[in-house]
Structures are given as structure tokens and as C-alpha cells.
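Here's a quick tour for anyone who is just starting to read protein structures. Keep the 3D view open and find each part as we go.

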Amino acid sequence: MIGDYMKTKEKKEKKVKITIKNLIYFLIFVVFILYSILFYNLYFSKKVYATEETASQSAEEVKISQAEEVNLEEIISQNTNDGKREEYEVTEETLEYITKYRTNTSIPKGVVQVVQEGRQGTQEVTIKKTYKGEELISEEQVSQKITKASINKIVEIGGGPGTSNYIAKVGDTLYVTSDRLSVMVEPDENSQKVATLSKNDELELKEIKDSWYRIESGTARGYVKAECTTYINPNAPEEETIDNTSTNTKPASELKNTLSFNMALNKPSGLSLEQFKKVLNDDNDKNNIFANNAQYFYYIEKQYHINGIFVASVAIHESAWGTSKIALEKKNLFGYGAYDSSPYNSAYNFSNYSESIDLLARVFMKYYLNPKGTSIYGGEVATGSYYNGPTLTGVNTKYATDKNWANRVYYYMQYLYNKL
């Protein structure tokens, strides 16, 4: 019995040993299989450039203001399927200031006074460019981010009795209209400042140089921006500010003779305030937008020396006499900022029509109607980025893709001039 028991015990121990050994072999085999699978995936399987998760994370890292996240897989798929590719370009651009107008009943009609200088800012603009092969087929602005805020320009316009178109001349006594006015060594905004004048300070006009005046005021001598001065003495009785003899209204025949398709548009039309109101009072203006804002086409001539009839004609053409959706809902008479792919969404929004009229006058003068380096309004110089001559044909070259744009604008210019 004892012998049988010992044999049985030995068999059990042998079975246990065999089981552990087999288990070790099995574990080694499993590890080998897993290692083989991992090795195959690393060196022999198809490479994956970006999974859905990693593509999403990459898009989130690029913070694009007011822009949709970029779906990289979708772009790659589209580029592969239809031969198109998309690129995103970020550029820094000038952020033009907005001009705010307000009425001052203590100065006569026709007088324009700058009481706060405008300051331009900067913004980062992201443009999506679509190519087919090497050909650029479309551009779309997808976002804009302000990096330096602009400062609004504030202009007072005469709303008092009488009218005046007085033009300052050497020897005149002038007065500061802005809260603070810098006196510069040279007629250049970037030159050295030698003094700061305050509102209503008295100046003696020594020389006129483009949009700058060389002046003397006490011990201060140098150049100031002409737009920040006035001939009207703020301390004089109200009746002395009225100048009914200096309206300089030109006869209709003389004004009509200046009109031609190739006329220079960087010169004022010469129409008086009342003449602008007359020609822009029209039955086609169903919403009275042009009739109610006629004065601003006169004011842009006074400030920026641009042909106001040209600007009005562009507005009529682009907005269909103020009936377009962009004109009605965004107070944008020019479709400014609109891209062909999404014109309504990309068009600038203004709080009133005067802002869009004023801004486009400056845009035309700064970028389209004058060569680079030309001294223009408010001490600024033209960049001439899109300059191809100061005519309708020159503007059409870069401003509009429609080759017939210049002819359509001239049609409205003729229409308005003939109403004088």
C-alpha cells in the first residue's frame, strides 16, 4: 500500500512539473506572436500621415479668428479627386479708420472741420487661395484679426446759417480745430515733432504745401495738417462766421465741359453743396438713400480732393441705386470687402452710409488714383498699390473683374452731370 501511494505521488508531481513547463512555453509563444505583429505594422504596413484625431488637434492649435476649422483630410481628398489644392496665406494689412460726422450749428454750411485726427491700425488677414494645377482660380478671405486698433476720425460739418467755400491763403490767421495738433519739422507725419498745439490756438499761415500748412504760433514754427485748421475765429460773433459771398458756385455749362471718359478723377468735380443735392435727388433712388446722403459726396471732395460725382456713380452702379441687400442691410453702397465666393458675408458692415462713402473716397485716392509717394489727404501719402492711371480705365484694371465696369460708371457720371 505504501509503495502504491508513493508511485501515485510521483505521478502527480510529474504532471505538475509538465504543466508549468508547458505554460512557460505557451507564454513565450504568445510574446513572440505579439512581437511579430508589432514588427510587421511598423515596417511593412501602409503608412498613415494623419488620423482623424491628429488632424483635428492640428487644426485646433491654429487659432483663426472667425474662421471655420480646417479639415485636412477633406482638403487632401478634394485635392486628389479634382486636381485642385488650397493654400492659406496670412498677411498684415492696413486697417483704415472710420470717419464719424456730426453737425455743428455754430459754423456755416459747407464748412468741414476735423476735431479728431484718424489713426489707421493693422490687421492680420487670412486668405484661402484655390489652385488648379498652377493656376489660381479663386481667392476668399476667411478671417481677419485686429493687431492694432484704428482710431476714428471725427469731423464737424456746418449746419448753421449761411454757406462758405472759403479757401485759406498765405497770410491768413487760422485756428486749431482738433483737441491736440502736432507741429512737425517737415511736412511728414513721421518727421520730428517740435510742439503740440491745443484747440482754438491761433496760427499764422506762412506756406501751403499739399495737405500741410507751414505756420507760426507763438514760439512754435513748423508744419501742421491743413485739415485740422479753420479760418473761422471761434471767439468771433456768429454773424462774422457767415460768408455768403464766397460760395464759388460754378455754372452748369462750365462743369459739364470738364466731363470726359479720360478725365482725371483725383481732382474735385467743383460742384457746390446745393448742386450735389440737386443731381442726387432722383426718382430712381426709391429709398432716398442718395438724396439723404448727398452732402457727404460734397464733403469728400472738400477733404480728399476726389471727384465726388465719380464716387457717387460707383455707389449707384454697385448698389443699384441703393436697392442691393448689402446696401440696405450693411449700409455698404460699394460692396466693399466682398469676395465673389461669398459677397454678402465678406462685405464690410457700416453703421451709416456716410462711413462707407468716406472710406471708399480714401481707398480710391490712396490705392487707385495716385502713384506711390504722392502727398494726399491728412498728411498721408499714396501707396499706389493698384495705380494704373487716375482715369476710369486705370481704376477698372484692378478694382473690378468686369471689363465693362468703367463704361457703366461713366454712364452714371454723364447722367448726373446732365442734371445740373
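What follows is a briefing on two sheets, a few helices, some loop residues and a pocket.

Before you start, bear in mind that this is a predicted model. Strands of a sheet pair through backbone hydrogen bonds, either parallel or antiparallel. Keep that in mind for the two sheets that open the list.

**The sheet with order 1-4-5**

- Three strands make up this open sheet, their order is 1-4-5, and the pairing is antiparallel.
- Which strands stand at the edges? They are strand 1 (84-95) and strand 5 (135-148), and because each has a single partner strand, one side of each is left without a neighbour in the sheet.
- On average, neighbouring strands here are turned by 20 degrees against each other, if you ignore direction.
- Zoom in on strand 1 and strand 4 (residues 121-132): they run antiparallel and are joined by 12 bridges.
- To see one pairing up close, find E86, whose bridge partner in strand 4 is T130.

**The sheet with order 2-6-3**

- Here's another open sheet of three strands, this time with the order 2-6-3 and mixed pairing.
- Its edge strands are strand 2 (99-109) and strand 3, and each of them pairs on one side only.
- Ignoring direction, the average turn between neighbouring strands of this sheet is 30 degrees.
- How many bridges join strand 2 to strand 6? There are eight, and the two strands run parallel.
- Within strand 6, I157 is the residue that stands opposite T103.
- Strand 3 and strand 6 (residues 153-163) run antiparallel, with four bridges joining them.
- Q116 has I154 of strand 6 as its bridge partner.

**Two helices to look at**

- Helix 8 has 12 residues, which should span 16 Å at 1.5 Å a residue, and its end C-alpha atoms are indeed 16 Å apart.
- Is helix 8 enclosed or open? It is largely enclosed by the rest of the structure, because 10 of its 12 residues are buried.
- The buried residues of helix 8 include G308, F310, V314 and S319.
- Helix 11 (residues 353-368) is 16 residues in length, and its first and last C-alpha atoms are 22 Å apart, close to the 22 Å expected at 1.5 Å a residue.
- Helix 11 is mostly covered, with 16 of its 16 residues buried.

**Loop residues worth a click**

- Most residues other than glycine have a negative phi, and most peptide bonds are trans.
- W321 isn't a glycine, yet its phi is positive, near 60 degrees.
- You'll find W321 in the loop between helix 8 (308-319) and helix 9 (325-330).
- Is W321 buried or exposed? Its relative accessibility is 8%, so W321 counts as buried.
- G322 is in the loop between helix 8 and helix 9, and G322 is buried too, with a relative accessible area of 0%.
- Although G322 and N332 are 10 residues apart along the chain, 8.8 Å separates their C-alpha atoms.
- K331 is a residue other than glycine with a positive phi, at about 55 degrees.
- Look for K331 in the loop between helix 9 and helix 10 (343-346).
- K331 is partly exposed, and its relative accessible area is 26%.

**The second largest pocket**

- Rolling a probe the size of a water molecule over the atoms shows where empty space is left.
- How much space lies in the second largest pocket? The value is about 1200 Å³.
- A total of 43 residues line the second largest pocket, and those nearest its centre are Y166, I167, E301, K302 and H305.
- Strand 3 (112-116), strand 13 (229-230) and helix 7 (294-304) are the elements that give two or more residues to this lining.
- Which element gives the most to the lining? That is helix 7, with five residues.
- By type, the lining of the second largest pocket has 18 nonpolar, 20 polar and five charged residues.

How values were computed: Residues are numbered from 1 along each chain as its sequence is written. This is a predicted model: local features need pLDDT of at least 70, side-chain atom pairs count only at pLDDT 80 or more; totals for chains, interfaces and linings use all residues. Side-chain values use heavy atoms; hydrogens and water are left out. On a 1 Å grid over the protein atoms alone, a cavity is a set of points where a 1.4 Å probe fits but cannot get out, and a pocket is an open set with protein on both sides within 12 Å along at least five of seven lines; lining residues have an atom within 4 Å of a point. Grid points are joined across faces, edges and corners, and a volume is the space filled by probe spheres set on the points. Ala, Val, Leu, Ile, Met, Phe, Trp, Tyr, Cys and Pro count as nonpolar, Asp, Glu, Lys and Arg as charged, and the others, Gly among them, as polar. Two strands pair if DSSP finds at least two bridges between them. Axes are lines fitted to C-alpha atoms, for helices over the stretch in contact, and angles run from 0 to 180 degrees between N-to-C directions. The expected span of a helix is 1.5 Å times one less than its number of residues. Buried means under 20% relative accessible area, exposed over 50%, partly exposed in between (1.4 Å probe, protein chains only).
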